[in-house]
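Biologist: Please take a close look at one part of this model for me: a pair of packed helices and what surrounds them. I'd love one connected account, with the cut-offs spelled out as you go.

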Amino acid sequence: MPDDSPRLTILGKLLVFLFIGACAAGAWFLFAKKAPASADGPTSAPGSGFSSATTKAGAVTEIGIAYGTEKQRWLQWAVEQFAGTPAGQRIKVNLIPMGSLEGAHALLSGDQRINVWSPASAAYKDIFVQEWQVKYNDNPIIREEPIALTPMVFVVWDERYQAFIQKYKTMSLQTVDQALQAKGGWDEIAHHPDWGLFKFGHTHPNQSNSGLMTIILAAYSYHHKTKDLALKDVLDVGFQKWLEELERGASGMSNSTGNMMREMVLKGPSSYDALFVYESVAIDYLKNAEGRWGALRIVYPEYNAWNENPYYIVNATWSTPDQRKAADTFLNFLLTEPIQKESLNHGFRPANPSVPVKFADSPFVLYAGNGVQVDLQRICEPPKAEVVNNLLASWQRTQGNR
């Protein structure tokens, strides 16, 4: 018998097939949209050595890092490199240049732009922790790691250094003070009246870590010790009189070591004969200086200290869990070997011990002729908070409105 039931044409069958396929695709899309994105949990970028921060799919987590400008060139480069990584696609790092102490004061004042504080050293850490605990009744630091090391150095125009040591035999804060007290300036020091007065500078101790390190090392060198700097040492009348004399002759008092070094290179010996700065900053500007005013000489003081450039993830109420994880991710990135090796090109000594310091293209080899050296003489330990506070207060009283 002939079958009278309706038959699907080829076109009809095709339309039915397309309809079923569209329904299946729509169901899959709705399910995928509701499912948690893989970025919501910690993941590792292949070969990166660091973990991604927790964020919602497509969201970008922003963090602010208050940092000392001595690290500016290296950190800017590192942020650019980080942006090209999988984790860097979801984390935006905002660099906020501030003097080391300025950054601490901003955090204590509630500056909500800052999630990470990276001063030049831990010299002010104890004071910051004490003041934070008084204000917020909590520990301010979640995680801390050194990211690059550098000691203090004198940086001086080589021609003037040679004339200086002919007179004083060595360069120290004590002989610098003698040169500052020479009323006839360079005419009295080395028969060069055309050089004017001897000009020495460092940053402001109440605003910049390198300025604070200057007066700490002044105290250590005056008392010929490397540890256990005590209140009686900084309150010693002889020390205070000598420090006041040294500081009244010093100039600059900027809140930024990098800015002072830049001014010295831009303006030449008319601005400064010598500065007391981080080794890293001096090395970073050696090549620039030679093309403008001649060679710079780096001189290491007998009493020195490490500036370890700590990276503090701050336990601030305004920092979200995502921001804290993002800060941790960027810290891990900074400690990877490629990033640490680049720090050498900016004069730092890597905090990652697997990265060598001395090799053919290292600045510690290339600039040995400028006085750059790996070994240091005496390393001083950071003083206690009460000692630092009294040293700063004593300095401020003798310097008036500086």
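**The helix pair and its surroundings**

Modeller: Happy to! α11 and α12 cross in the right-handed sense (the near helix is turned clockwise from the far one by less than a right angle; anticlockwise would be left-handed). Please bear in mind that this is a predicted model, where local features need pLDDT of at least 70 and side-chain atom pairs count only at pLDDT 80 or more, while totals for chains, interfaces and linings use all residues. Residues are numbered from 1 along each chain as its sequence is written, and side-chain values use heavy atoms, with hydrogens and water left out.

The partners are α11, residues 257–267, and α12, residues 279–290; helices (H or I, at least four residues) and strands (E, at least two) are DSSP runs counted from the N terminus. Their axes come within 10 Å and cross at roughly 20 degrees (lines fitted to C-alpha atoms, for helices over the stretch in contact, with angles from 0 to 180 degrees between N-to-C directions). That angle makes α11 roughly parallel to α12 (under 35 degrees; over 145 is roughly antiparallel, 65 to 115 roughly perpendicular, and the rest oblique).

Which residues of α11 and α12 meet? From α11 come Thr 257, Gly 258, Met 261, Arg 262 and Val 265, facing Val 281, Ala 282, Tyr 285, Asn 288 and Ala 289 of α12; contact here means heavy atoms within 4.5 Å. Sorted by class, this contact has six nonpolar, three polar and one charged residues (nonpolar: Ala, Val, Leu, Ile, Met, Phe, Trp, Tyr, Cys and Pro; charged: Asp, Glu, Lys and Arg; polar: the others, Gly among them).

Thr 257 deserves a pause. Thr 257 is buried, with a relative accessible area of 2% (buried is under 20%, exposed over 50%, partly exposed in between, using a 1.4 Å probe and protein chains only). Setting aside residues up to four places away in sequence, Thr 257 touches Thr 69, Thr 203, Ser 208, Ser 210, Val 277, Tyr 278 and Val 281.

Now for the sheet beside this pair. α11 lies across β6, β7, β8, β9 and β10, at about 145 degrees to β9. These five strands form an open sheet with mixed pairing, in the order β8-β7-β9-β6-β10; strands pair if DSSP finds at least two bridges between them. At the edges, pairing on one side only, are β8 (251–252) and β10 (296–299). Further in, β6 (residues 152–157) and β9 (residues 274–278) pair in the antiparallel sense over five bridges, and one of the partnerships joins Val 153 to Val 277 of β9.

Another helix shares this sheet: α8 lies across β6, β7 (200–202) and β9, running at about 105 degrees to β9. α8 (residues 209–223) also comes within 11 Å of α10 (residues 237–249), axis to axis, crossing at roughly 130 degrees, so α8 and α10 are oblique to each other. This crossing, too, is right-handed. Within α8 sits Ala 218, buried with a relative accessible area of 0%. Apart from neighbours within four places in sequence, Ala 218 is in contact with Leu 173, Phe 239, Trp 242 and Leu 243.
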